[in-house]
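Visitor: I am new to this structure and would like a close look at a single part of it. Please keep the account plain.

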Amino acid sequence: MSSAEDRYRAAISTMEAAAREQDEQRGLRERRVAEAEAQAREGLKQELAAAQKYAEHMDELNKRKQSAGGWATEKTLADKSRESLMEFGVQDEEAGTGYPNYPTPSYGTPVTAAPRPEPAPEPPAPEPPRRGRHARQPDDEDDFSSTSWLV
């Protein structure tokens, strides 16, 4: 009877090993599902934040449009937060007086006008494309010379 008992114990150990493997695979699947859910939740949170920001921006544009009497113009829809910013630094120094073609006046010396730049010469008009010797006139609709009448 020892051989039947040995086969029985071998079958039981095989069944227990299969059950352990199934439990490990189930645990691995559940862990992967939990990771995927967490990743999806995080992505949705980011999309929600972007969608809320977009909705706020569209609400602001709609308010500007309504306050302008329903007219959606560039000035109405311009970003007003940029207008109130004061910029300091190199941009202000380079801006100067705002008239780059005119010299800045200094008291005591006469101001002379800057020479005007010469206008650029106009390029020559392009030649019309050359037509072949037997080319058809484009407006000749009654020309049936290429039609085969023997068909």
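Visitor: Which element of the protein has the highest mean pLDDT, and which the lowest? Please look closely at the one with the highest.

Guide: Helix α1 (residues 2-67) has the highest mean pLDDT, 94, and helix α4 (residues 90-95) the lowest, 52. Here pLDDT is the predictor's confidence in each residue, from 0 to 100. This is a predicted model, in which local features need pLDDT of at least 70 and side-chain atom pairs count only at pLDDT 80 or more, while totals for chains, interfaces and linings use all residues. Residues are numbered from 1 along each chain as its sequence is written, and side-chain values use heavy atoms, with hydrogens and water left out.

First, the setting. The protein has four helices and zero strands, in the order α-α-α-α from the N terminus. Helices (H or I, at least four residues) and strands (E, at least two) are DSSP runs, numbered from the N terminus. Over the protein, the mean pLDDT is 78, and 68% of the residues reach 70 or more. Where pLDDT is low, the predicted coordinates should not be read in detail. Of the 151 residues, 2% count as buried; buried means under 20% relative accessible area, exposed over 50%, and partly exposed in between (1.4 Å probe, protein chains only).

Now to helix α1 and its side chains. The structure holds three salt bridges, a salt bridge being a side-chain nitrogen of Lys or Arg within 4 Å of a carboxyl oxygen of Asp or Glu.

One of them joins R9 and E5, at 3.7 Å from N to O. Both residues lie in helix α1, four residues apart, which is about one turn of the helix. R9 is exposed, at 55% relative accessible area, whereas E5 is partly exposed, at 44%.

Another salt bridge links the side chains of R26 and D23, at 2.9 Å from N to O. These two are three residues apart in helix α1, so about one helical turn separates R26 from D23. R26 has a relative accessible area of 39% and is partly exposed; D23, at 46%, is partly exposed too.

E60 and R64 form a further salt bridge, with 3.3 Å from N to O. Helix α1 holds both E60 and R64, four residues apart, or about one turn. E60 is partly exposed, with a relative accessible area of 36%. R64, in contrast, has 11% and is buried.
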